[in-house]
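Open the structure in your viewer and keep the selection tool at hand. The tour goes from one residue to the next and says what is there.

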Amino acid sequence: MNPRESITKRIHGLLERERRINLHRFPIHISNADGVAVLEGEVGDIAAKKLALELAGSVSDVRGVVDRLRVAPGERRGDGAIRDSLARMFLESAEFRNCTIRKYTNERADVLREGNGDSVGEIEIAVQNGAITLEGHVISVPHRLFAGVLAWWTPGRCDVINALEVKPACEERDDEVTEALRLVLEADPALDAAQIRPTCADWSVTLEGSVPSEEQKRRAEMDAWYLSGVERVDNRLAITR
């Protein structure tokens, strides 16, 4: 077996053993050249996507990983509908009420709202083939992370590229990630955030507390995975009926 085939086989073996990655329902095509692995295909959720990329990168002799994975959307929608839904969420969100919002349609920028002198930033929304890209800047790490989650919540999306910058630039601390996750859980209408205690250490999130159903437990976990940069989620939520 040549080195290229060996790398591909080892990555496939790791993906096959990860319980949150279902290769039978969602096959992942793996290729590599010069130590750079390419993962292509559709996965069931954001956890499967992040874990697949992490596992591929953990294989010895892999120098880089190209992400061409897409998350299967709950419904198929056109780019315009996805873009308009996300724009509406930004316009209705209290966290972004004083933020300049622009959307790009066929390379034309439409200003939906202008922030004033105390603006929390500028966000530009673009969608191509179901993949959302966020560009611009915001004033804090929680704002950046929360914006990315709103994009993941958008019906029809298959991927999110959160390219927002934080100005002024600052180091992303664990407490800011925890704050962002609290905002997300509180904004999720299907959850009682008061019963959930999130913490973060080195981009690894732990969820403690209780929820009334298995579906809410899974939803809270997905909300944590949606945070850009989160690499691990330890879901310790108890189910109390």
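A residue counts as buried under 20% relative accessible area, as exposed over 50%, and as partly exposed in between. The model on screen is predicted.

**Stop 1: Arg 108 and Asp 110.** Select Arg 108. Its relative accessibility is 48%, so Arg 108 is partly exposed. Now add Asp 110, which forms a salt bridge with Arg 108; their closest N and O atoms are 3.1 Å apart. In general, side chains of opposite charge can pair when their charged atoms come close. How many salt bridges does a search of the whole structure find? The search finds 21.

**Stop 2: Glu 172 and Arg 144.** Select these two together to see another salt bridge, with 2.7 Å between the closest N and O atoms. This pair links distant parts of the chain, 28 residues apart: Glu 172 lies in the loop between strand E9 (165-166) and helix H5 (174-187), while Arg 144 belongs to helix H4 (residues 141-153). Glu 172 is partly exposed at 27% relative accessibility, whereas Arg 144 is buried at 8%.

**Stop 3: Asp 159 and Arg 70.** Next, select Asp 159 and Arg 70. They form a salt bridge whose closest N and O atoms are 3.0 Å apart. Here too the pair links distant parts of the chain: Asp 159 is in strand E8 (residues 159-162) and Arg 70 in strand E3 (residues 64-71), 89 residues apart. Is Asp 159 buried or exposed? Asp 159 is buried, with a relative accessible area of 5%; Arg 70, at 30%, is partly exposed. Add Lys 49 and Asp 67 to the selection: salt bridges with shared partners join Lys 49, Asp 67, Arg 70 and Asp 159 into one network.

**Stop 4: the cysteines.** Select Cys 99 and Cys 170. The sulfur of Cys 170 is the closest cysteine sulfur to that of Cys 99, but the distance is 16 Å, which is too far for a bond. The structure holds zero disulfides. Cys 99 is buried, at 0% relative accessibility. Cys 158 is also worth selecting; at 9%, Cys 158 is buried.

**Stop 5: Thr 206.** Finish in strand E11 (residues 204-211), where Thr 206 is placed. Thr 206 is buried, with 14% relative accessibility. Which residues does Thr 206 contact, leaving aside its neighbours within four places in sequence? They are Arg 197, Pro 198, Thr 199, Asp 234 and Arg 236. To end, select Gly 148 along with Thr 206: the two are 58 residues apart along the chain, and their C-alpha atoms are separated by 19 Å.

Conventions
Residues numbered from 1 in each chain as written. Predicted model: local features only at pLDDT ≥ 70, side-chain atom pairs only at ≥ 80, totals over all residues. Heavy atoms only, no water. Disulfide = S-S within 2.5 Å. Buried < 20%, exposed > 50% of the residue type's maximum accessible area, 1.4 Å probe, protein only. Helix = DSSP H or I, 4+ residues; strand = E, 2+ residues; numbered from the N terminus. Contact = heavy atoms within 4.5 Å. Salt bridge = Lys/Arg side-chain N within 4 Å of Asp/Glu carboxyl O.
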